[in-house]
Amino acid sequence: MAPVVKVYGTAKSWNISRVLVSLGEAGVQYEIVAVDFAAGEHMSPAHLARNPFGQVPVLEDGDFCLWESRAITKYVCRKYKPELLRVGNLVGSATVDVWLEVEAQQYSPVMEAILIEIRLRPIFGHQVDERVVEKNIEKLKKVLSVYESRLSSSKYLAGDFISLADLNHVSTMLCLGITTYISVLDLYPNVRAWWDDLRARPAARKVSDLMNPRGP
Ligand code: GS8
């Protein structure tokens, strides 16, 4: 089947792969279009027309372009799989919104601070600052203890149904998952079970392979 949408960026980046997980879950075929940052392609008129901030990811769906990974994943759900947002159910959709915000405002700032150290700095030949990692692992534990309590009373974050709030965590968790720091989850059995369930999903497995290709 021909790709339905284009995603600009690289699957190795957690902001782009966040989008790919939602597309996979919604069953949308996509084409990944590389943007050559070293050559300054992100600041080309063509790319700035797609995203005036010159960033990726950008989703191109026919004539419509949008950016900001979380806005894109919501759009994908609204158009292709609205049940992932509990559309039409006031309390359900509000609860999904709460946990979407928790991912963006509580979990991601801490998780990204860790991933910048352990995933990005080595790529650019920089030393990992273990103090930054340890400080943020401690902050992550505080966030995960709230998740642990929540997941003791429901299978997923917004209730006993999978939602975009769960799925938006997948790309960053996959990044942590290729390091020994993922063992932090062993302190939280409900979080561990939640993550084992999420990462076994076909869309997560596909994105995991794109992010961290296995050798021949
Ligand atoms: C962040 C996008 C971003 O930082 C989102 O989409 O969620 N809040 C946005 N994109 C990076 C690459 S992926 O990490 C980027 O485009 N950086 C280049 C730049 O800022 O010039």
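At 41% relative accessibility, Arg199 counts as partly exposed, and in this predicted model its side chain meets that of Asp196 in a salt bridge with an N to O distance of 3.0 Å. Both Arg199 and Asp196 belong to helix α8, which covers residues 189-199, and they sit three residues apart, about one turn of the helix. Asp196 has a relative accessibility of 30% and therefore also counts as partly exposed, since that class lies between the 20% limit for buried and the 50% limit for exposed. The pair does not stand alone, for Asp186, Arg192, Asp196 and Arg199 are linked in a network of salt bridges.

A search of the whole structure finds 12 salt bridges, and two further examples within helices can be set beside the one in α8. In helix α5, which runs over residues 130-150, the side chains of Glu138 and Lys141 meet in a salt bridge at 3.1 Å, N to O. Glu138 and Lys141 are three residues apart in this helix, so about one helical turn separates them. Glu138 is partly exposed, with a relative accessible area of 42%, and Lys141, at 23% relative accessibility, is likewise counted as partly exposed.

In helix α4, residues 90-123, Arg121 and Glu117 lie four residues apart, again about one turn of the helix, and their side chains form a salt bridge at 3.3 Å, N to O. Here the two partners fall into separate accessibility classes: Arg121 counts as partly exposed at 29% relative accessibility, whereas Glu117, at 7%, counts as buried. In general terms, side chains of opposite charge can pair when their charged atoms come close.

Helix α5 also holds Asn136, and what surrounds this residue can be read from its contacts. Asn136 is buried, with a relative accessible area of 6%, because that value falls under the 20% limit. Leaving aside residues up to four places away in sequence, Asn136 touches Val110, Ala113 and Ile114.

From these local features the reader can step back to the division of the chain, which separates domain 1, residues 5-80, from domain 2, residues 85-206. The C-alpha centres of the two domains lie 21 Å apart, and 15 residues of domain 1 are in contact with 21 residues of domain 2. The size of an interface is often given as the accessible area lost when the parts come together. By that reckoning domain 1 and domain 2 bury about 1500 Å² between them, with 63% of this area on carbon and sulfur atoms.

What polar pairing accompanies that buried area between domain 1 and domain 2? Eight residue pairs are in polar contact between the two domains, counting those in which both residues have a pLDDT of 80 or more. The elements that give two or more residues to the side of domain 1 that touches domain 2 are α1, residues 14-26, and α3, residues 69-80. Of these, α1 gives the most, with eight residues. Sorted by class, this side of domain 1 has four nonpolar, five polar and six charged residues.

Three salt bridges are counted between domain 1 and domain 2. One salt bridge in the structure joins the side chains of Glu103 and Arg18, at 3.8 Å, N to O, a distance that satisfies the 4 Å cut-off. Arg18 is placed in helix α1, and with a relative accessible area of 1% it is buried. The side chain of Arg18 also makes a polar contact with the side chain of Asn15, at 2.9 Å. Beyond residues up to four places away in sequence, Arg18 touches Ser69, Arg70, Thr73, Glu103, Ser108, Glu112, Asn168, Ser171 and Thr172.

A last stop within domain 1 is Glu31, which is found in strand β2, residues 30-33. Is Glu31 buried or partly exposed? With a relative accessible area of 35%, Glu31 is partly exposed. Glu31 and Val19 are separated by 12 residues in sequence, and their C-alpha atoms are 12 Å apart in space.

Conventions: Residues are numbered from 1 along each chain as its sequence is written. This is a predicted model: local features need pLDDT of at least 70, side-chain atom pairs count only at pLDDT 80 or more; totals for chains, interfaces and linings use all residues. Side-chain values use heavy atoms; hydrogens and water are left out. Domain bounds come from an automatic or database domain assignment. Contact means heavy atoms within 4.5 Å. Buried area is the accessible area (1.4 Å probe) that two parts lose on being put together, summed over both. A polar contact is a pair of N or O atoms within 3.5 Å; within protein, one must be able to donate a hydrogen and the other to accept it, and residues adjacent in sequence count only if both atoms are side-chain atoms. Ala, Val, Leu, Ile, Met, Phe, Trp, Tyr, Cys and Pro count as nonpolar, Asp, Glu, Lys and Arg as charged, and the others, Gly among them, as polar. Buried means under 20% relative accessible area, exposed over 50%, partly exposed in between (1.4 Å probe, protein chains only).
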